[in-house]
Structure formats: C-alpha cells, structure tokens
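Notebook open, structure loaded. I want to look up how one sheet is packed and then what holds the two chains against each other.

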Amino acid sequence: MSAALTLYVPRDSAALAVGADAVVDALRAQAAATGTELTVVRNGSRGLLWLEVLLEVATPQGRVAYGPVSAEDVPTLWPVLLADAAGQGGSHPLRQGVTEQIPYLARQERLTFARVGVTDPLSLGDYAAHEGWAGLKAAVAQDSAAILQAVTHSGLRGRGGAAFPAGIKWRTVAQAPGSIKYVVCNADEGDSGTFADRMVMEGDPYLLIEGMAIAALAVGAEQGFIYVRSEYPQAVAVLAEAIERATQAGWIGANVAGSGKRFDLQVRMGAGSYVCGEETAMLESLEGRRGIVRAKPPLPALQGLFGQPTVINNVLTFAAVPTILARGADFYRHYGVGRSHGTLPFQLAGNIRHGGLVEKAFGLTLRELLDGFGGGTRSGRPIKAVQVGGPLGAYLSESQWDVPLDYEAYAAIGAVVGHGGIVVHDDTADLAALARYAMEFCALESCGKCTPCRIGSTRGVEVIDRLVANRANPQVHEQQVTLLRDLCDTMLGGSLCAMGGMTPYPVLSALNHYPADFGLAPAPVASETAAAN
Amino acid sequence: MNAPDRAAAAPSAGGPAPQLNPAEQAVVDAVLAERRHLAGALLPILHGIQDRLGYVPPGAQPVIARALQLSRAEVHGVVTFYHHFRSEPAGRHVLQVCRAEACQACGGEALLAQARERLGCSEAQPTNAARSHTVEPTYCLGLCAQSPAAMLDGRLHARLTPARLEALLAATGEIA
C-alpha cells in the first residue's frame, strides 16, 4: 500500500548552504524505497534561519515543521512524517510543531514577507492564490495621480537606508519632463547582516515585479532594471525565470495586466562593488562604467539612468507597494510609530542564537529583538556590541537597546536603522579591530572620487594601528585619538556619499562606547552620543 | 618542483595586449554578437566572457573597446574596478570566505586564515603555486544569520567550522 506525502524544502540560498538539496535527495530515495507518492515543493525560506534546513509536512492540522534537518536525519524522520501526514501527530527531537504557531513566526507582523516560505516562488498559481497581483490590478484601475497619492499617504519611506519618502520621489519622476523614464531596483544588498532583499528575490520574486510594475504605471516608465549583486547568483536566476513567466502571462511586457501600457524588465548583475549600492554609482554601473559616485544635483529622479528621469528604490521598498495598493494606504500607515510608517523586515545576524528574519512594525526596541526573538548569543556568552544598519551603522551598547527602532529616534542617538540588519557580537569581540575593519572596508570599496573617503579611509587604518600600538604611551595615544576624531569629522562632513560619510559611525561609536578596547579609560556616558553625532 | 604554468600573463601597463587564442576569440565574438546591442552593454559582456572562460583575457579588452566604440582605457578601467572580474585565470577551485562583520562575529577570520594556510595561498598570492586553489575574501554572501559562510566553486556553505571547512577542501580531491 502506498501513502501520499507533501513536503516543503526551501530553495532559498540559506537552506541550500546547509544541505537542502541533499535532504531532498534523501527524501526522494526514501520515497522510492517505500513506494510512497511524494510531492516536494521547493518553497522560499520562512526566515527561521537557525532551523534551516526547515522541512515542512502538510498535515490535516496545517504544515508542521522539522528543523534543522540534515540528510542523515531523513531515515528516522520518515515514519514520523508519514504519521504527521496521516493526522496522527508524531514525536521527534527536530519536530517544531505547526509552523504558523512557532512563536518566532506567530509574533511577527508580516506584510512584505506574508508569502515568503509559504508558496513556491516561481508558481504563478501560488502567487495568485495568495493575494498576488491584487495591488497591480488595483493600480491598473486607477490613474497615476491616485497611485502616487496612495504611496505618499501610506508613509512608505525608502527601505534601502536613506528613508526618503517614496511617494515624493515617484511624484518627482512622474512630473519630470521627458518621454523616456526608468524604474530601477537597487538590489545591490551589500550590507553585512542583511539578507531580506535576497529572501524576497529568491522566495517571492513576483512581489518585486508587481511593485516595480506599479511604480512604472505611476510614473509612466516602460523599462525597468533590477541591479542584483554578483554574490547572489541564485537570486539572479530566480528573478530571470520569474520575469520570463510574468511576461508570458501578461502581467508585465507589452500590455501590463491589460492596461494597454508597456513595461519591460531586465535583471542586471553587479560585479562585486559595494559602492554600487549607492544609487548614482549603480547608475554608472548600469550604463557600463566604473561605479563612480555622481555629484547631486541633478537628482536621479530628474536625470538618472541614461540621463532620463528614474525611480530608484530598494527591493523592500518596491515589495511594500503591492500591499499598499491592495489593502489601502491607511492599512499600511497604521503600522509603525512617528514618521516611520509600516513594517521593517529586521534581520538578526552574527553571533545570535535564533538568527533570522523578523518583520515587525517600527517602534519595537533592539532589546525585544535581541532577547525576545534572538534568544541571546549563539556562543552563550554575553552580548557586547550590536551593529545596526550594516557596515556603515553604529555599534550600539546595552544602554541604547531600549530606544525604539524608528528612523528619527535612531538618528537622534547618532545611529541608523538602515536596511534593518542587526549584527551581534559577544564579549570576545575587539571593537578596535572592528573599527579598523570599517576603515579598511571603506578603503577597499571607496570609488575614489572624493578625497575624504579615498584617502581618509587609508589614513584611518593607519591611525587606529598607531593608536592601538601606543597603548603604553599616553601622549602619542592621546594624539592619535584626537587625530582619529578629526579625521572622522572630515569624512562625515566632506564625503560625497554615505560610503565615506558614514564610515565614521561604526568607528566613533566603537571608540565612544568601548574605549577600553582602544586602551582608553572609560569615557563619561553623557558625551557618548553627542560625539558620535 | 616546476614553476607554475601561467597560461596568461597579467596585463602589462600600456603595452599592446596579448593576442587572444582562437578559442578565446570565438567566445569573445559570440558574447559580443549576443550582448553588444544591450543598453549599457559592457558589464553584461564582461560577465558573459568570464562565465565562459573563467576570466577576462587582457587581449579581449581592445576587441570589446572597438565593438562598443570605447577606448581601451575605459574597458580596462571597468575590468579592474570591479572585484568580480579576473584578468588572469583562477585556480581550479575557487574558495571565497566571507569576512564581513556577521561572519567575523562567528570566526570567519580564522577560517580564512585556515584556508590560506592549508592551501598555500596568501592575501598577496590568492592562487597557490600548484594552481589548484584560489582563496579570496568576499564581503557578504547574505548568509549572515548562519555565519561563518563561504562559497566553494559557486556553491554556498554556511555554519562552517574548522572541521567542516577541512572536509570541504578534502572533497575537492586536490589537497594532501
């Protein structure tokens, strides 16, 4: 007698990197040996990354999760999976219960990530069955002004880090003179500690396509580009396939969702340059040149790609738009605090026990994320420092963990929310070494256009080296600290873009909060945030 | 021990670029025919060549420049600006170890040192003398919650330990 089994094994890079394909092979071998009718859906990742490979089995009670599963676990799992599928429950050390009820997932507010991990990323049927294209259909039924009004009213701000209001940017492009306009997605997610863009592209690519198509309708663009970093080959492959299928199905292409308007989309691959995440450097790269930052003005919204008015947004920004159109601006705006509306997919990374993706409305605290979701460090040691907002974000010490995560509150303490990446370090971390690394990374990735960034970063490495080497020589040591602060001030104020302009954030925050690592006596607490500002 | 066999010399500054061999010429011509019409075609062309040859031969630069009506300097500038593009072949196996912050927080730097030591590579000489392996740092593979991470011959590996790295390298079948 043969039983039927439907299993879900993610195709996300996070799962592939810990053996998802080997798990699938082992499952298929078991099925063949036992004459079981097996369906394996390669879904996106649920974002509970410490549990990858997260295997799910369809049961009468809903999907039940097992993780972290390796190929060697499959023989002992097999009978339990069959029992679960038959509604008889099961017992196994890796059994996590009904997926949707896992607290880590149940306590989130998933708008952008509602479908990620649930559906087969490339299945148009799955997408449509889970509210897909609802936003685009709503947009097609409205005029450009109404779409712009909805995006503006929603309060959506650029999720790439700069947090500029999306509606205002789009309106600028819509009103700019010119018959050729572009929509460009900046998918050059280079910040350490961030992987939300990757998860959307690999786990729900139609969402990004839908968001970009809505932008195209709003501003009158017929051509779009998605600029994906070369470190994400899986995302490039999934997107290329998704664009092909969405075009074939008429959602984009010559007649976008029956609107009579054209929108063609192409994926372009970066080539390992961090600075190409800066929007004007990205435009240069797309045009076939070195990724050298452009001076602004002119704004890309007026003279962007190939000199034409261009909407540039990050993956998460476009991915938020379908929800806004489908459910209304008020629905989205209702989430969040202050001027930070909606949700942000936070990414818990580094030395953290329960690393993964946590989408929540703005306004929760870092402590809730670290303790409530993260469960402390993976090493079991105390947390020493937390870098928020990527390699250009500040290191936050425990005294700052209760500040609500919203753009303005973070700016007020000299920190940035950025792209929502949160990297945890335990007490073995050397913040002087990390500060040096920040300067080293800037020196490596600087496009070289402006002096504070190009030269300042190299001098920064040297100053930190001298500072650390002269711990025992107070006079030289103090000089070097003064020099470092002075250098950071120049970089902050004199750099053309965020690369040089924000590298001082991690450096100064490390120096201010962890002076002992630099061989300094602890500084008075009151001066900390002011100096980082 | 024999000196390493370097099929392609590093690009010399200023001088004439070495000629492409017929096989390379065929690849460059095919990629140009396929992609030269694209808007902003240079990066897609360079990717196409590197995907097929494993690197962008210096001799391809003037050919691309002519096809796109660019100067050789412009093409050279782009090839050398981007970390991804190689001007000489890598070793038979390429290991990229992430050294961004999230991986540093979980031992990424030690893994990079281990790989270099084990394979006879260094920062200055990323490819070892036997040309069996190239070890390079990379800056974020997007596996930051499962650090440390690395990519070996295009395949991602997360939650690495010294033992797992050793096993991966052993599986390439080219280490003692």
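I started with helix α3 (residues 74-85) of chain A, which lies across β1, β3, β4 and β5 of chain A. I get an angle of about 35° between α3(A) and β3(A). Note to self: this is a predicted model.

Next I traced the sheet itself. It is open, has five strands in the order β2-β1-β3-β4-β5 (chain A), and its pairing is mixed. At the edges I find β2 (37-41) and β5 (95-98) of chain A, each pairing on one side only. Neighbouring strands are turned by 25° against each other on average, ignoring direction. Helix α2 (residues 20-34) of chain A also packs on this sheet and touches β1 (4-8), β2 and β3 (55-59) of chain A; its direction makes about 165° with that of β2(A).

I zoomed in on one edge. β4 (residues 62-66) of chain A pairs with β5(A) in the antiparallel sense, over three bridges. There I see A65(A) opposite G97(A).

Then I went to the interface. Chain A puts 61 residues into the contact and chain B puts in 36 residues. About 3,600 Å² is buried between the chains, with 57% from carbon and sulfur atoms. A17(A), A271(A) and Y437(A) supply 16% of what chain A buries there, more than any other three residues.

How many salt bridges cross the interface of chain A and chain B? I count one: R99(B) meets E440(A), 3.0 Å from N to O. I also logged 24 residue pairs in polar contact between the chains. On chain A's side, α17(A) gives the most, with six residues.

Notes:
Residues numbered from 1 in each chain as written. Chains lettered and ligands numbered in written order. Predicted model: local features only at pLDDT ≥ 70, side-chain atom pairs only at ≥ 80, totals over all residues. Heavy atoms only, no water. Pairing = 2+ DSSP bridges. Helix = DSSP H or I, 4+ residues; strand = E, 2+ residues; numbered from the N terminus. Axes fitted to C-alpha atoms, helices over the stretch in contact; angles between N-to-C directions. Contact = heavy atoms within 4.5 Å. Buried area = accessible area lost by both parts, 1.4 Å probe. Salt bridge = Lys/Arg side-chain N within 4 Å of Asp/Glu carboxyl O. Polar contact = N/O pair within 3.5 Å; in protein donor to acceptor, adjacent residues only side chain to side chain.
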